[in-house]
Amino acid sequence: MRCAHSFSRIMILPPSWYNEAMSEMLHIVCPSCAGVNRLPSSRLSEGPKCGKCKRPLFQGEPVEMTNATFDRHISRNDIPVVVDFWAAWCGPCKMMAPLFARAAAQLEPLVRFAKVNTDQEQGIAGRFNIMSIPTVIIFRAGQEIARQAGALDMSRLVSWVQSQI
Ligand SMILES: [Zn+2]
């Protein structure tokens, strides 16, 4: 049995498309102002800042998405977006929240981590037919590519995301 502590940063390998796309231009949606930035993929890991609001494009934490910003984050980001559908009254959601934030810090900038409060954004929850929470959905180019219902521990969350991107 493998202990969660053995899951070190060293094991995080970029997906094949990341290396192939090293010289490509990528669109990254700003977590602060939702502005769409265009930058070379080689600069992703250099702490890039938003051209509009000047805040970091990767802040090591999930982006809180609303109805106003959801579609832009899902469809305009050229990196996969991992979305946690949650609610304040949900115990397992609360337990998973700090792990989800840690996973964000570990896997950015290969992946964007984001959250949707299903009480406040019932339209989005309905659109994706969220039957139970927490549910985590991975989007790529606006399309759902994988879904996991129920809380995940840290190592399962990271390995599942890595297996899908
Ligand atoms: Zn910005």
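## Burial and overall make-up

A residue is taken as buried if 20 or more other C-beta atoms lie within 10 Å of its own, and as exposed if 12 or fewer do. By that criterion, 33% of the 165 residues of the chain count as buried in this predicted model. The secondary structure amounts to five helices and seven strands, which follow one another along the sequence in the pattern α-β-β-β-α-β-α-β-α-β-β-α. Among the contacts in the chain with a separation of 6 or more, 64% are between residues 24 or more positions apart.

## The open sheet

Five of the strands form an open sheet of mixed pairing, in the order β3-β5-β4-β6-β7. Because β3 (63–64) and β7 (143–149) stand at the edges, each with a single partner strand, one side of each is left without a neighbour in the sheet. Strands of a sheet pair through backbone hydrogen bonds, either parallel or antiparallel. Here β3 and β5 run parallel and are joined by two bridges, with E64 having K115 in β5 as its bridge partner. The pairing of β4 with β5 is likewise parallel, over six bridges, and in this case V82 has F113 of β5 as its bridge partner.

## Strand β4, covered on both faces

How many of the six residues of β4 are buried? Six of the six are, so β4 is largely enclosed by the rest of the structure. In a regular strand the side chains alternate between the two faces of the sheet. In β4, V81, V83 and F85 lie on one side and V82, D84 and W86 on the other, and with each of these residues buried, both faces of the strand are covered.

## Helix α3

Helix α3 (91–107) has 17 residues and reaches 25 Å from its first C-alpha to its last, a span close to the 24 Å expected at 1.5 Å a residue. The helix nevertheless has a kink of about 35 degrees at A97, shortly before the proline P98.

The buried residues of α3 are C93, M96, F100, A103, A104, Q106 and L107, and what covers them includes β4, β5 (112–117) and α5. One of these residues, Q106, counts as buried because it has 20 C-beta neighbours inside 10 Å, a number that meets the cut-off of 20 or more. Q106 also illustrates the relation of α3 to the last helix: Q106 and V158 are 52 residues apart in sequence, but their C-alpha atoms are 8.6 Å apart in space.

## Helix α5 against the sheet

In helix α5 (residues 154–164), the buried residues are L157, V158 and V161. These three cover an arc of only 95 degrees around the axis, which puts them on the same side of α5. The elements against which they pack are β4 (81–86), α3 and β6 (135–140). With respect to the sheet, α5 lies across β4, β6 and β7, and runs at about 155 degrees to β7.

Taken together, these contacts connect the two helices with the strands: β4 is among the elements that cover the buried residues of α3, and β4 is also one of those that the buried residues of α5 pack against.

## Backbone features in the loops

Two cis peptide bonds may be noted, each preceding a proline. One joins E108 and P109, with omega of about 5 degrees, and P109 is found in the loop between α3 and β5. The other joins I133 and P134, with omega of about 0 degrees, and P134 lies in the loop between α4 (122–127) and β6.

Positive phi values also occur in residues other than glycine. K54, in the loop between β2 (36–40) and β3, has a phi of about 70 degrees, and K54 counts as exposed because it has 10 C-beta neighbours inside 10 Å. N129 has a phi near 55 degrees and is placed in the loop between α4 and β6, the loop that also holds P134. With 8 C-beta neighbours inside 10 Å, N129 therefore counts as exposed.

Definitions and conventions. Residues are numbered from 1 along each chain as its sequence is written. This is a predicted model: local features need pLDDT of at least 70, side-chain atom pairs count only at pLDDT 80 or more; totals for chains, interfaces and linings use all residues. Helices (H or I, at least four residues) and strands (E, at least two) are DSSP runs, numbered from the N terminus. Two residues are in contact if their C-beta atoms, placed from the backbone, lie within 7 Å. The arc is that of the directions from the helix axis to the C-beta atoms. The expected span of a helix is 1.5 Å times one less than its number of residues. The bend at a residue is the angle between axes fitted to the seven residues ending there and the seven starting there. Two strands pair if DSSP finds at least two bridges between them. Axes are lines fitted to C-alpha atoms, for helices over the stretch in contact, and angles run from 0 to 180 degrees between N-to-C directions.
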